[in-house]
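Thank you for making time for this today. I would like to walk through one structure slowly, so please keep the picture in view as I talk.

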Amino acid sequence: DLHPPKSMIRMCSAFLFPAFAEELFWRGLLTPVVETGIQPNIGFAMLVLAIHVASHPIAGSTIWPRGKHVFHDYRFLLSATVVLFGATVCFLMSGGSVWAATFAHG
């Protein structure tokens, strides 16, 4: 059963959260970019990426228990690593655009 206004709102909200919220935190706040006067440190960006991926099983065991089964699955974690690596690359290549990382994530 498709209700256009309600389903569009759901689709947009599903895209914006968690993608935008996560990218705002993990890339926007924790990964420095050239505009801040700090050259992007690829090693630091990869550390943020690794912590972000590792946070999923922790979230599944604590704040998001209904996602525990998925968040502990190695296939999900591998997929998350690939997607979040792409989001990190988009963020760095765009000069720090959280939107670029969000679209890559979403």
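I will begin with the overall make-up, then turn to how helices meet, and end with some individual residues and rings.

What you are looking at is a predicted model, so please keep that in mind for everything that I am going to describe. The secondary structure comes to 5 helices and 0 strands, and if you read along the sequence the pattern is α-α-α-α-α. The protein has 106 residues, of which 30% count as buried. If we take the contacts between residues at least 6 apart in sequence, then 58% of them join residues at least 24 apart.

Let me turn to the packing of helices, starting with H2 and H4. Helix H2 covers residues 42-61, and helix H4 covers residues 74-93. These two pack at an angle of about 145 degrees, with their axes 10 Å apart, and H2 passes H4 in a right-handed crossing. On the H2 side the contact is made by Ile42, Ala45, Met46, Leu49, His52, Val53, His56 and Pro57, and these meet Phe76, Leu77, Ala80, Thr81, Leu84, Phe85, Thr88 and Leu92 of H4. When the residues of this contact are sorted by character, they divide into 12 nonpolar and 4 polar, with no charged ones.

Helix H4 also meets H5, which is made up of residues 98-105. Here the axes come within 8 Å and cross at roughly 155 degrees, and because angles over 145 count as roughly antiparallel, H4 is described as roughly antiparallel to H5. This crossing, too, is right-handed. H4 contributes Val83, Leu84, Gly86, Ala87, Cys90 and Phe91 to the contact, while H5 contributes Val98, Ala100, Ala101, Ala104 and His105. Sorted in the same way, the residues of the contact between H4 and H5 come to 9 nonpolar, 2 polar and no charged.

Two of the residues in that contact deserve a moment of their own, and I will take phenylalanine 91 as the opening example. Phenylalanine 91 sits in helix H4, and it counts as buried because its relative accessibility is 2%, where the cut-off for buried is under 20%. Not counting residues up to four places away in sequence, phenylalanine 91 touches Arg27, Gly28, Thr31, Val33, Gly96, Ser97, Val98 and Ala101. Its C-alpha atom is separated by 8.7 Å from that of threonine 102, which is 11 residues away along the chain.

The other one is histidine 105, which lies in helix H5. Is histidine 105 buried or exposed? At 17% relative accessibility, histidine 105 counts as buried. Leaving aside neighbours within four places in sequence, the residues in contact with histidine 105 are Ala19, Glu22, Glu23, Val83, Leu84 and Ala87.

For a residue outside the helices, please find glycine 67, in the loop between helix H2 and helix H3, the latter being residues 68-71. Glycine 67 has a relative accessibility of 7% and therefore counts as buried. Between the C-alpha atoms of glycine 67 and proline 57 there are 8.7 Å, and the two residues are 10 apart along the chain.

Finally, I come to the aromatic rings. A pair of such rings is described by the distance of the centres and the angle of the planes. How many aromatic pairs does a search of the whole structure find? The search finds 4 of them, and I will go through two. Phenylalanine 20 and tryptophan 99 form a stacked pair, at 4.6 Å centre to centre and with 20 degrees between the planes. This pair links distant parts of the chain, since phenylalanine 20 is in helix H1, residues 4-29, and tryptophan 99 is in helix H5, 79 residues apart. Phenylalanine 20, at 25% relative accessibility, counts as partly exposed, and tryptophan 99, at 44%, counts as partly exposed as well.

The rings of tryptophan 99 and phenylalanine 103 have their centres 6.2 Å apart and their planes at 35 degrees, so this pair is tilted. Both of these residues lie in helix H5, 4 residues apart, which is about one turn of the helix. Phenylalanine 103 is exposed, with a relative accessible area of 56%. Taken together, Phe20, Trp99 and Phe103 form one aromatic cluster.

Definitions and conventions:
Residues are numbered from 1 along each chain as its sequence is written. This is a predicted model: local features need pLDDT of at least 70, side-chain atom pairs count only at pLDDT 80 or more; totals for chains, interfaces and linings use all residues. Side-chain values use heavy atoms; hydrogens and water are left out. Buried means under 20% relative accessible area, exposed over 50%, partly exposed in between (1.4 Å probe, protein chains only). Contact means heavy atoms within 4.5 Å. Axes are lines fitted to C-alpha atoms, for helices over the stretch in contact, and angles run from 0 to 180 degrees between N-to-C directions. Angles under 35 degrees count as roughly parallel, over 145 as roughly antiparallel, 65 to 115 as roughly perpendicular and the rest as oblique. A crossing is left-handed if the near helix is turned anticlockwise from the far one by less than a right angle, and right-handed if clockwise. Ala, Val, Leu, Ile, Met, Phe, Trp, Tyr, Cys and Pro count as nonpolar, Asp, Glu, Lys and Arg as charged, and the others, Gly among them, as polar. Rings of Phe, Tyr and Trp (its six-membered ring) pair if their centres lie within 6.5 Å; planes under 30 degrees apart count as stacked, over 60 as edge-to-face and the rest as tilted.
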